[in-house]
Structure formats: structure tokens, C-alpha cells
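Please open the model in your viewer and keep the sequence panel visible. The tour proceeds by selections, from the whole chain to individual side chains.

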Amino acid sequence: MFWGIASTIGATMMAVIMIFVRLKMGKRPASLKKIILPPLFMSTGALMYIFPIFQISWFQVIESFALGMVFSIILIKSSKFKIHDGEIYLNPSKAFPLILFGLLVVRLALKVLISGYISLGETGGIFFMLAFGMILTWRIAMLYQFLQLRKSMTEQKHLA
């Protein structure tokens with residue numbers, strides 16, 4: 001019981017910190033590095049699957065990754081880029097903080113619900129995969145938008 005509560009509190013604190021970090025993204029120009037590195041860094045967390053306690057079935061992998069992809073649609077729809085002073089900036093919607101907190105609440109509710117049926121380690125494995133599916137899909141969409149906008153900026157410079 002202690003580890004379940006401690007892990008939930010720890011994950012919530014990390015999520016809240018990441019929400020504030022993401023809110024600051026709109027204040028500095030976007031770059032390929034800033035878009036690509038977060039899911040790359042997060043992928044190292046998959047090393048937890050080396051330990052049997054965190055291992056989940058392939059069905060659970062597909063199911064949780066797919067649910068993460070569904071959740072990412074909300075993030076994709078609320079994250080747009082803009083050009084300002086010749087630089088590309090992430091222009092999140094005004095609802096972006098509420099969306100991030102809402103997704104956090106939904107994930108926590110699902111975690112509490114699921115943790116009654118499977119072990120703490122499996123719950124961690126499932127929710128890592130859900131978060132990874134969400135972040136990876138969102139960042140791929142951001143990368144596509146960023147590259148399209150950068151390409152149009154380059155084309156406009158050549159025409160001018």
C-alpha cells in the first residue's frame with residue numbers, strides 16, 4: 001500500500017513539474033532538438049522491463065500504447081506553432097494547462113482503478129507505456145508541424 005501511494009505521489013509531482021516546463025516552451029523558439037529529445041530521454045525508462053516485476057504482456061503493451069495515442073490527440077489539437085520575428089514558437093492554446101492537468105487526473109483515476117486488479121509493478125509498466133505512447137505520438141505530430149512550417153519559411157525566403 002505504501003509503495004502504491006508513494007509512487008502515485010512521486011509520479012504526480014513529476015507530472016506537475018513537466019506541465020510547468022511545457023508551459024515555458026512557448027517563451028523560447030522551438031527547435032528539432034527540443035521536440036525530439038524528450039521522448040528519446042523517456043525511452044530509457046523502458047529499461048524497467050528488464051525486471052520481471054514490471055513486465056507486461058504484449059496485449060497490455062499494445063493496449064496501453066494505443067490509449068496513450070488516443071490521449072495524444074488532445075495534446076496535438078491544442079499545440080500549434082507560430083512564426084514570430086523569423087523564429088518558430090510553440091503556441092499552446094489557452095486551455096493547454098487545463099488539458100495537461102485533466103489528462104493527469106484521468107491517468108491517476110485509471111491507475112487507482114487498475115491497481116486493484118494487477119500488481120504495482122505491472123501498473124507501473126502499463127502506465128509508462130501509456131505515457132510513452134502519448135508523448136511519442138504528440139512529439140511526432142509536433143515534429144511534422146515544425147518541419148512543414150520551417151519548409152514554408154524557407155520557400156518564402158527563396159521567393160523573396
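The stops below cover the overall chain, the confidence colouring, one helix and one surface patch.

**Whole chain.** Begin with the full chain of this predicted model. Its C-alpha trace spans about 65 × 30 × 20 Å along the principal axes. A cartoon view displays 5 helices and 2 strands, arranged along the sequence as α-α-α-β-β-α-α. Of the 160 residues, 31% are buried.

**Confidence.** Next, colour by pLDDT. The chain average is 87, and 96% of the residues score at least 70. Select helix H1 (residues 2-24), where confidence is lowest, with a mean of 74; then select H3, where confidence is highest, at 94. Where pLDDT is low, the predicted coordinates should not be read in detail.

**Helix H4.** Select residues 96-115. Which residues of H4 are buried? They are Phe 96, Ile 99, Leu 100, Leu 103, Leu 104, Arg 107 and Lys 111. Because these residues cover an arc of only 135 degrees around the axis, they lie on the same side of H4. Turn to the other side of H4 to find Leu 98, Val 105, Val 112 and Leu 113 exposed. A distance between the end C-alpha atoms gives 28 Å, in agreement with the 28 Å expected for 20 residues at 1.5 Å a residue.

**Surface patch.** Finally, select Leu 47, Ile 50, Phe 51 and Ile 53, which form a nonpolar surface patch of about 450 Å². Leu 47 is located in the loop between helix H2 (32-43) and helix H3 (58-78). With 55% relative accessibility, above the 50% cut-off, Leu 47 counts as exposed.

How values were computed. Residues numbered from 1 in each chain as written. Predicted model: local features only at pLDDT ≥ 70, side-chain atom pairs only at ≥ 80, totals over all residues. Heavy atoms only, no water. Helix = DSSP H or I, 4+ residues; strand = E, 2+ residues; numbered from the N terminus. Expected span 1.5 Å × (residues − 1). Buried < 20%, exposed > 50% of the residue type's maximum accessible area, 1.4 Å probe, protein only. Arc of directions from axis to C-beta. Patch = residues over 30% accessible without salt bridge, like charges linked within 9 Å, V, L, I, M, F, W, Y side chains within 5 Å. Areas by Shrake-Rupley, 256 points an atom, 1.4 Å probe, with all protein chains shown as cover. Salt bridge = Lys/Arg side-chain N within 4 Å of Asp/Glu carboxyl O. pLDDT = per-residue confidence, 0-100.
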